[in-house]
Amino acid sequence: MAISHTQHAETLVSGSLEGVRASIALTPQMFELLSAGVYEDRILAIIREVSCNARDAMKEHSLNLGVDVSTLPKMEVWVPTAFEPTMHIRDYGTGLTKEQVFEIFLSYGMSTKTSSNELIGMFGIGSKSPLSYTDSFLVTSYKDGEMTMYNVYKDKGIPNIVKMGSTPTTEANGLKITVAVRSGDYYVFQDRIRKFFRLFDFPVEFKNVEITNPVVVLEDNPLFKVVSGYENGV
């Protein structure tokens, strides 16, 4: 799905006053700024944004079902290694339709999470964070007995999505994001994963690499949280 480069500006007239509403040019430079320019640590940003989106999807699903999130399967994180040079993050939310995938992964500045304090994301940028590191990544949606794979990629700097195919599945609903990791970055990803998930407030199952020293909440109240987990070499 290509994105037009057309700029949109609207002239506003009120009585004798005339003005012009601001617009954004859909250029490769602008998408680079939105996808990468907002992140100081791009690898950490991918882990954080994709994991928080997965957490939100499962939290929202549990709220809709009226059950505790602990009754759902754990979020899964495949830690990249030299033998499996990809990071996968799999949630067990509701999954996404084709229309939802296209909207979420191509729309900047729009979010479905602004109406709930239970959810983290709200700016509509984090789902595109893998494009700050790579020119393409995979989105696999498990939805009502069908698994559909999409390729999100940059064409001359502009994000696009192509549906790669669908197949029946018995897997539970949810979404999996797959990011190919460059040679030499495996240990960086492993380090950032360990550091990020020390304070993650959600059950996670790690694959390929053992992640130890989980956070232990020592004191928790509406104003602050005291945790352990910093001193043991994580």
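This is a short walk through a predicted model, stop by stop, with something to select at each one.

**Before you click**

Residues are numbered from 1 along each chain as its sequence is written, and side-chain values use heavy atoms, with hydrogens and water left out. Because the model is predicted, local features need pLDDT of at least 70 and side-chain atom pairs count only at pLDDT 80 or more, while totals for chains, interfaces and linings use all residues.

**Stop 1: the whole chain**

Start with a cartoon view. You should find four helices and eleven strands; these are DSSP runs numbered from the N terminus, with helices being H or I over at least four residues and strands being E over at least two. Now switch to a surface. The accessible surface comes to about 13,200 Å², and carbon and sulfur atoms own 53% of that (Shrake-Rupley method, 1.4 Å probe; for residues, only the protein chains shown count as cover). Of the 234 residues, 39% count as buried; buried means under 20% relative accessible area, exposed over 50%, and partly exposed in between, with a 1.4 Å probe and protein chains only. A contact means heavy atoms within 4.5 Å. Among contacts between residues at least 6 apart in sequence, 59% join residues at least 24 apart.

**Stop 2: the core, from Met75**

Which residues touch the most other members of the largest nonpolar core? Select Met75 and Phe105: those two do, in a core of 41 residues. Such a core is a set of buried Ala, Val, Leu, Ile, Met, Phe, Trp, Tyr and Cys residues joined through side-chain atoms within 4.5 Å. Elements giving two or more residues to this core include α2 (42–65), β3 (75–78), α3 (98–106) and β8 (174–180). The biggest giver is α2, with seven residues.

Stay on Met75 and show its surroundings. Beyond the neighbours within four places in sequence, Met75 is in contact with a long list, including Ala54, Met58, Ile89, Phe200, Phe202 and Val204.

Hop across to Phe202, in the loop between α4 and β9 (204–207). Phe202 counts as buried because its relative accessibility is 9%. Leaving out neighbours within four places, Phe202 is in contact with Arg55, Met58, Lys59, Val69 and Met75. Try a distance from Phe202 to Cys52: they sit 150 residues apart along the chain, yet their C-alpha atoms are separated by 9.5 Å.

**Stop 3: along α2**

Select α2 end to end. At 1.5 Å a residue, its 24 residues should span 34 Å, and the end C-alpha atoms are 34 Å apart, so the two values agree (the expected span is 1.5 Å times one less than the number of residues). At the N-terminal end, zoom in on Asp41, which caps the helix with a side-chain oxygen 3.3 Å from the backbone nitrogen of Ile43. Just after the other end comes Gly66, with a positive phi of about 75°.

**Stop 4: β8 and its partners**

Next, colour β8. Six of its seven residues are buried, so this strand is mostly covered. β8 runs antiparallel to β4, joined by five bridges, and also pairs with β5 in the antiparallel sense over five bridges. Strands count as paired if DSSP finds at least two bridges between them. For landmarks, Met87 has Val179 of β8 as its bridge partner, while Thr140 is matched with Lys176 of β8.

**Stop 5: Ser127**

Ser127 is in the loop between α3 and β5. Is this serine buried or exposed? Ser127 is buried, at 11% relative accessibility. A polar atom of its side chain lies 3.3 Å from the backbone oxygen of Ile104, and a 3.3 Å polar contact links the side chains of Ser127 and Lys128. A polar contact is a pair of N or O atoms within 3.5 Å; within protein, one must be able to donate a hydrogen and the other to accept it, and residues adjacent in sequence count only if both atoms are side-chain atoms.

**Stop 6: two unusual phi values**

Most residues other than glycine have a negative phi. Select Asp144, in the loop between β5 and β6: its phi is near 50°, and at 62% relative accessibility Asp144 counts as exposed. Finish at Asn208, in the loop between β9 and β10 (216–220). Its phi is positive too, at about 80°, and Asn208 is partly exposed, with a relative accessible area of 44%.
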